[in-house]
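I opened my notebook to get to know a new structure, one small look-up at a time. Feel free to follow along with the model open beside you.

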Amino acid sequence: MLSQEVRTLVKATAPVLKTHGEALTCHFYARMFRHNPELKHVFNQGHQEGGQQQQALAAAVAAYAEHIDDPSVLAPVVTRIVHKHVSLGIRPEHYSIVGKHLLASIGEVLGEAATDELIAAWAAAYGQLADLLIAEEARLYAQSAGKEGGWTGWRAFRVERKVPESAEITSFYLVPADGGNVPDYLPGQYISLRVYVPELGLMQPRQYSLSDAPGQGRLRISVKREGGAGGAPAGSVSNLLHTRVQEGDVLDLAPPQGDFTLRAEQATPVVLLSGGVGLTPMVSMLNHLVARDDGRQIRFVHACRDSSVHAMKTHINTVAQAWPNVRKVVYYENVGAGDQPGRDYDYAGRMDLQAIRDVAVLPDADYYLCGPLPFMNAQRKSLAELGVASDRIHAEVFGTGGPGA
């Protein structure tokens, strides 16, 4: 338990961290990678280049300082971080490295304001947080290892099939190279995958949502080819997967993780809302629900730019036609001359839940959202305006807090 003096000192830095936290975290990452370059293989260098990781860490550090008196309010954030760390193979020894460079960065960035008392207070606060994360991560590591077919760390998987789903998205069907079993997972979870990127000279990890129901004897991910061709970090891994990885190749995978999961034990209706490649965990949830055939009402509402990037169209249409409890609604932002309403899309423009409230808003339903941040914010706002309680809305966002590219 932290003393009142420590909590007061740490909390007093919250306003400074909100204003200058990104400068601190930029300094921290540069310092850590300079002294411990081996960690470049662990961290997403695309997020480093774009600044997303620095922004995310700055926000997390400021939030921890602000809520140091009652860190339990940050429990959802901590849970998400723990799943991400386990997926990336973060171990207890990494915390001492991070702590060393974080404390040194506080002193170097804040200068005279970083008194010995303040550094000692942050050392105590960081130690408490590290102990909490390490304990939760140990629990998840044990859970992953204890499953039938489970493992921890990295395991070799062979690309059994590579299937284009749209102009931007390709599915990879993955089976264990050792011939062993695949563990069960929860619909909505993701895996970490790592590959060597020659342009960066690094092994690079990325998280990708599992895009099919569990229990298939293999794993499937559906990867959007992001901008950044030619070696730019932003899309280096997704471009490599699309252009260089072929059927028969072997990739390193970490076991499934993630807290954005279907509440499968409930009997409530399910509304799946996705934008772009955000449909991948939704397809996993949909396939799982229809495989169970429990009769609950399901709505699959998807938005994408146009028909060329509309992934898994035939599969979704087939499911909606075969199962009377499933209804699908598709929005195309740009409708082409050959696109047919009802077959290719249902509405033109961006997703508008107000306009389809009779279809998409169901009593006592649980709502699952996944897609780009602007899409997520817009749908959250619409659901709130339609009277949906916040505890009925479950969201995943692609970026530093969740699956990436």
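Here are my entries, going from the overall layout to single residues.

**Entry: the layout**

I began by noting that this is a predicted model. Next I looked up how the chain is divided, and I found domain 1 (4-146), domain 2 (155-257) and domain 3 (270-396). I also looked up the spacing of two of these, and the C-alpha centres of domain 1 and domain 3 turn out to lie 36 Å apart.

**Entry: helix 1 against helix 7**

How do helix 1 and helix 7 cross? I looked at residues 4-12, which form helix 1, and found that the axis of this helix comes within 9 Å of the axis of helix 7, with a crossing angle of roughly 100°. An angle from 65 to 115 degrees counts as roughly perpendicular, so helix 1 is roughly perpendicular to helix 7.

Then I listed who meets whom. Helix 1 brings Val6, Leu9 and Val10 to this contact, and helix 7 brings Glu117, Leu118, Ala121, Trp122, Ala124 and Ala125. Sorted by class, I wrote down eight nonpolar residues, no polar ones and one charged.

**Entry: helix 4 against helix 7**

I stayed with helix 7 (residues 116-146) and turned to helix 4 (residues 52-66). Their axes are 12 Å apart, and the two helices pack at an angle of about 105°. That value makes helix 4 roughly perpendicular to helix 7.

On the helix 4 side I noted Val61, Tyr64 and Ala65, and they meet Trp122, Ala125, Gln128 and Leu129 of helix 7. This contact divides into six nonpolar residues, one polar and no charged. Looking back over both lists, I see Trp122 and Ala125 in the contact with helix 1 and again in the contact with helix 4.

**Entry: the two sides of helix 10**

Which residues of helix 10 are buried? In this helix, residues 313-322, I found Ile316, Asn317, Val319 and Ala320. I then looked down the helix axis: these buried residues fall within an arc of 160°, so they line one face of helix 10. The face turned away from the buried side carries the exposed residues Thr314, Gln321 and Ala322.

I wanted to know what covers the buried residues too. The cover includes helix 9 (279-292), strand 8 (298-304) and strand 9 (326-332).

**Entry: Ile316 up close**

I picked Ile316 in helix 10 for a closer look. Its relative accessible area is 5%, so Ile316 is buried. Setting aside neighbours within four places in sequence, I found Ile316 in contact with Val283, Leu286, Phe300 and Lys328. Leu286 is 30 residues away along the chain, and its C-alpha atom is separated from that of Ile316 by 9.0 Å.

**Entry: Leu279**

Is Leu279 buried or exposed? This residue of helix 9 has a relative accessible area of 1%, so I wrote it down as buried. Not counting residues up to four places away in sequence, Leu279 touches Ile169, Ser274, Phe300, His302 and Ala311. I noticed that Phe300 is a contact of Leu279 and also of Ile316. For a pair separated in space, I looked up Leu279 and His94: they are 185 residues apart along the chain, and their C-alpha atoms are separated by 34 Å.

**Entry: two positive phi values**

I went looking for backbone angles next. Most residues other than glycine have a negative phi. Asp293, in the loop between helix 9 and strand 8, has a positive phi near 50°. Met312 is not a glycine either, and its phi is positive at about 60°. I located Met312 in the loop between strand 8 and helix 10. With 6% relative accessibility, Met312 counts as buried.

**Entry: two residues of helix 8**

My last stop was helix 8 (residues 236-243), where I found Ser236. Ser236 counts as buried at 7% relative accessibility. Beyond residues up to four places away in sequence, Ser236 touches Val197, Leu200 and Arg206.

His242 lies in helix 8 as well. At 15% relative accessibility, I noted His242 as buried. What does His242 touch, not counting residues up to four places away in sequence? I found Lys162, Glu168, Ile169, Thr170, Phe172, Val223, Lys224 and Arg225. Ile169 stood out for me in that list, as I had already met it among the residues that Leu279 touches.

Key:
Residues are numbered from 1 along each chain as its sequence is written. This is a predicted model: local features need pLDDT of at least 70, side-chain atom pairs count only at pLDDT 80 or more; totals for chains, interfaces and linings use all residues. Side-chain values use heavy atoms; hydrogens and water are left out. Axes are lines fitted to C-alpha atoms, for helices over the stretch in contact, and angles run from 0 to 180 degrees between N-to-C directions. Helices (H or I, at least four residues) and strands (E, at least two) are DSSP runs, numbered from the N terminus. Angles under 35 degrees count as roughly parallel, over 145 as roughly antiparallel, 65 to 115 as roughly perpendicular and the rest as oblique. Contact means heavy atoms within 4.5 Å. Ala, Val, Leu, Ile, Met, Phe, Trp, Tyr, Cys and Pro count as nonpolar, Asp, Glu, Lys and Arg as charged, and the others, Gly among them, as polar. Buried means under 20% relative accessible area, exposed over 50%, partly exposed in between (1.4 Å probe, protein chains only). The arc is that of the directions from the helix axis to the C-beta atoms. Domain bounds come from an automatic or database domain assignment.
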